[in-house]
Amino acid sequence: MNTREPLRVAVLVSGTGTNLQALIDTVHGHEAQIVGVASSAPGARALERAASAGIETAVFERVAHESRQARDAALGQWLREREVELIVLAGYMELLSADFVRAFAGAIINVHPSLLPAFPGLRAIEQALEYGVRVFGVTVHFVDEGTDSGPVILQEPLALADPGTAAEVLGALRPLEHRLLPDAVRLIARGRLSPDPANPRRIRIAPAP
Ligand code: GRF
């Protein structure tokens, strides 16, 4: 029996929020409690999804603050007030300052539409298409101070012999994202992840009890 309290999660978004929706539909109210959704953009569809699920929302626009650091200080304060234990970046299109990443070290994860370390950063699928790969994929990883460079939690490939457009590849990757991100949150909520002491880049997954 799982006697743990649900993990207090905040989700940072900028856009449509289909990954947020996947979290709401799976882990929210079970292993995890999404206690807040913060958007970098006021009109993000993700905010409507959060509101429909009765989740508190906030907007932290870069232009409303003096600097990225100032915005992240306000965001960090908002997260601390809500006693957030895990921050999930789900289509969050802003760079977080190094201070913010250090303050929440080991407690930020991201979903990225490539098999890292291939194609980090923006336009990952376009990069992969330009390179001509036939195997695409999704990575869920811890966030460090680099660009999509933190330790890998979960990864899954998708072979596409005739990939088509970036939109078509994204469509094909969506189901993987929507499964892997909740799976990663579940693993963290159940305390099943730990860094390998011999090489902390390698994340060990404890077997299910
Ligand atoms: C996803 O493709 C994710 O991998 C990337 O941004 C996109 C967000 O989509 N980081 P959504 O807003 O969750 O629908």
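Which helices and strands each supply at least two residues of the lining of the largest pocket? In this predicted model, they are helix 1 (18–26), strand 5 (108–112), helix 5 (124–131) and helix 6.

**View 1. The largest pocket and its lining.** The largest pocket has a volume of about 970 Å³. Its lining is made up of 38 residues, and those closest to the pocket centre are Gly 91, Tyr 92, Met 93, His 112 and Leu 122. Helix 6 provides the largest share of this lining, with 4 residues. Sorted by class, the lining of the largest pocket holds 15 nonpolar, 15 polar and 8 charged residues.

**View 2. The second largest pocket.** A volume of about 280 Å³ is found for the second largest pocket. Of the 19 residues that line this pocket, Ala 105, Gly 106, Ala 107, Phe 142 and Ile 203 lie nearest its centre. Strand 8 (193–196) and strand 9 (199–205) each contribute at least two lining residues, and strand 8 gives the most, with 3 residues. The class count for the lining of the second largest pocket is 12 nonpolar, 3 polar and 4 charged residues.

**View 3. The largest nonpolar core.** This core has 44 residues, among which Val 11, Leu 20, Val 88, Ile 109, Ile 153 and Val 185 touch the most other members. Helix 6 (residues 166–189) supplies the largest share of the core, 11 residues. A second core, separate from this one, has 19 residues, including Ala 38, Leu 75, Tyr 92 and Val 143.

**View 4. Contacts of Val 88.** Leaving aside residues up to four places away in sequence, Val 88 touches Val 9, Ala 10, Val 11, Leu 12, Leu 23, Ile 109, Leu 181 and Val 185. Val 11, Ile 109 and Val 185 are, like Val 88, among the residues of the largest nonpolar core that touch the most other members.

**View 5. Asn 19 in helix 1.** Asn 19 is found in helix 1. Asn 19 counts as buried because its relative accessible area is 7%, under the 20% cut-off. With residues up to four places away in sequence not counted, the contacts of Asn 19 are Ala 90, Val 111, Arg 174, Glu 177, His 178 and Leu 181.

**View 6. The loop between strand 5 and helix 5.** Pro 117 is placed in this loop, and the peptide bond that leads to Pro 117 from Leu 116 is cis, with omega near 15°. The loop between strand 5 and helix 5 also holds Phe 119. Although Phe 119 is not a glycine, its phi is positive, at about 55°. Phe 119 counts as buried, because its relative accessibility is 16%, and the cut-off for buried is under 20%.

**View 7. Glu 83 in the loop between helix 3 and strand 4.** Helix 3 (68–81) and strand 4 (86–89) are joined by the loop in which Glu 83 is placed. Glu 83 has a positive phi of about 50° and is not a glycine. Is Glu 83 buried or exposed? Glu 83 counts as exposed, because its relative accessibility is 57%, and exposed means over 50%.

Conventions. Residues numbered from 1 in each chain as written. Predicted model: local features only at pLDDT ≥ 70, side-chain atom pairs only at ≥ 80, totals over all residues. Heavy atoms only, no water. Core = buried A, V, L, I, M, F, W, Y, C linked by side-chain atoms within 4.5 Å. Buried < 20%, exposed > 50% of the residue type's maximum accessible area, 1.4 Å probe, protein only. Contact = heavy atoms within 4.5 Å. 1 Å grid on protein atoms, 1.4 Å probe; cavity = no way out; pocket = protein on both sides within 12 Å on 5 of 7 lines; lining within 4 Å. Points joined across faces, edges and corners; volume = space filled by probe spheres on them. Nonpolar A, V, L, I, M, F, W, Y, C, P; charged D, E, K, R; others polar.
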